[in-house]
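Q: Please take a close look at the pairing of charged side chains in this model, and place it in the setting of the chain as a whole.

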Amino acid sequence: MICYNCGSVLTNSDFCGNCGMDVSVYKRIVRLSNTYYNAGLTKAKNRDLSGAVDSLRRSVKLNKRNIDARNLLGLVYFEMGETVQAFSEWVMSTNIQPDNNPADKYLLAIQQEKSKVDELNRTIKKFNVALNYAKHDTDDMAIIQLKKVLNQNPKLVKASQLLCLLYMKQGQYERAKRTIKKSLKVDKCNPLSIRYLREINEYMDEERKNDPETRMERRRNLRGVLVDREYLSGNDVIIPNNNFKEAVSGAQGILHLIIGLLIGAALVYFIVTPARMSKITEDKNEAAVEYKREIAIKDSTYDSLESEYNALKKDYDVLADEKGSADEHQKTVDNNYKYLLAAVQSYLNNNTDKSVEALNKINTKDGMDMENFKAVYDKLTKELSSKMASNAYDEGFSAYENQEYDKAIAAFKKCVEIDKSNDDAYYYMAWAYKNSGDEKNAKKIFKKIVTDFPNSEHYSVAKSQSSDGEVSEDSGDEDSGDYSDEDSGEEDEVFGDEE
């Protein structure tokens, strides 16, 4: 037993050990609910279904979370033919306890036999129609409907009781007795069925004591019909009427037979066949309308599910992209910390080469958002800037000589980011761009050398190249060509964020 306030397991104490709530009354209610459940279970095993319903309803009224009692109440209702009430109890049970609930199995088993469920629903509708007939004194129609109901659902106790009552009303006590006995096989201790059977037995015992005339009079009164024919005993002889016609001849009989066949064929052709064809056409039209309705419902459901699927897929793609970006960023941050730690250790061990090598591996475009990290990186970079610039220049020059121009450009960029006064790095970076076919960026860097390094030994070559002159890489002569500021505003595209 668990506490209704906090959900913790209760002990023998009258107070909850977790929240301190007084649970003495709650325990009595739960015990009483379990007692009613046990009584209902015993009655159900003995096929006292009406008594079981009474006990189980008391149980769930005291404790609505008594899942065992609610599920058993649904089973008893289903056994009595009350399918709607059974479904209601099982649905409430699954709402109270969604996990590990036996009611899920019951509902699933019923859903798998949809035709059976539809048949049971139709029997309920037919029973309601029969009940309406009985209320309006249309007993014959009510009896016909109830017979159909019991053929489809023999366990519907209410239908048996109503049919028995109608038979009693018409004086057909033998049929009433047979009907009510069948219902008692389903529910042995149903009070209303027992009462009807007792009244039937009392009436039949009393009727056996009366003479035939009295019995006939009572039947007339019960049925509301005047029976003019006298009651015949076994010793009475029926004398036939002497008024008769002469028998017809054989030819006349054959002629009458042929005429009767022709009349029958005409009736079939002109009355029965059109009505039957009309019925077939009507059924066909109804089937077509029902089919179109089902198609429309399925199309609407498909469109709705498709739109939901597309929306969920879009959300999934967005979340996947965000997760991928976050994972990539975290990986970059982790690598930056690893390389910074290696650089610091190498620096403390006076191994500047390894320290510079580790710093060069740090991704400065991402993963630099931590203030302490950036402070350490900037301080260490400042201490090793000259070494880093020299290493980057050497790496770029080596790549340039090997005609690995993309690698050389990246190394020279790193060099000028650290040491903006290294005109040699700018010069060979420009030639790397030019040799790789990027004339536009090559001219920009040559132009920067002319502008920022007028005293450089590469000034004359840079000026010639920035003016579209044709000067070789190692030429030292100045070119008198005109200098243009056409692309001066686009230098930042080459050097990134460099000022």
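A: Among contacts (heavy atoms within 4.5 Å) between residues at least 6 apart in sequence, 47% join residues at least 24 apart. The model is predicted, so local features need pLDDT of at least 70 and side-chain atom pairs count only at pLDDT 80 or more, whereas totals for chains, interfaces and linings use all residues. Residues are numbered from 1 along each chain as its sequence is written, and side-chain values use heavy atoms, with hydrogens and water left out.

The chain has 19 helices and 0 strands; these are DSSP runs numbered from the N terminus, with H or I over at least four residues for helices and E over at least two for strands. Of its 499 residues, 33% are buried, where buried means under 20% relative accessible area, exposed over 50%, and partly exposed in between (1.4 Å probe, protein chains only).

For salt bridges, a side-chain nitrogen of Lys or Arg must lie within 4 Å of a carboxyl oxygen of Asp or Glu. By this rule the count is 10. Side chains of opposite charge can pair when their charged atoms come close.

One such pair joins E79 to R47, with the closest N and O atoms 2.8 Å apart. This bridge links distant parts of the chain: E79 belongs to helix α3 (residues 67–79), while R47 sits in the loop between α1 (24–45) and α2, 32 residues apart. E79 counts as partly exposed because its relative accessibility is 21%; R47, at 26%, is likewise partly exposed. R47 and E79 also belong to a network of salt bridges that includes K155.

E79 leads on to L49, a residue of helix α2 (residues 49–62). Beyond its neighbours within four places in sequence, L49 touches A44, V76, E79, M80, V186 and D187. L49 is buried because its relative accessible area is 3%. Its C-alpha atom is 6.3 Å from that of V76, although the two residues are 27 apart in sequence.

A further bridge pairs D137 with K169 at 3.4 Å, N to O. D137 is in the loop between α6 and α7 (139–152) and K169 in helix α8 (residues 157–169), so this pair, 32 residues apart, again links distant parts of the chain. With a relative accessibility of 56%, D137 is exposed, whereas K169, at 40%, is partly exposed.

The bridge between D452 and K448, also with its closest N and O atoms 2.8 Å apart, lies within one element. Both residues are in helix α17 (residues 439–452), 4 residues apart, about one turn of the helix. D452 is partly exposed at 39%, but K448 is buried because its relative accessibility is 9%.

Unpaired charge appears in a positive surface patch formed by K147, R175, R178, K181, K182 and K185. Such a patch takes residues with over 30% relative accessible area and no salt bridge, like charges being joined within 9 Å; Lys and Arg count as positive, with their charges placed at NZ and CZ respectively. Helix α9 (residues 173–186) supplies the largest share, 5 residues. K182 lies in this helix and is exposed because its relative accessibility is 58%.

Definitions and conventions. Patch = residues over 30% accessible without salt bridge, like charges linked within 9 Å, V, L, I, M, F, W, Y side chains within 5 Å. Areas by Shrake-Rupley, 256 points an atom, 1.4 Å probe, with all protein chains shown as cover.
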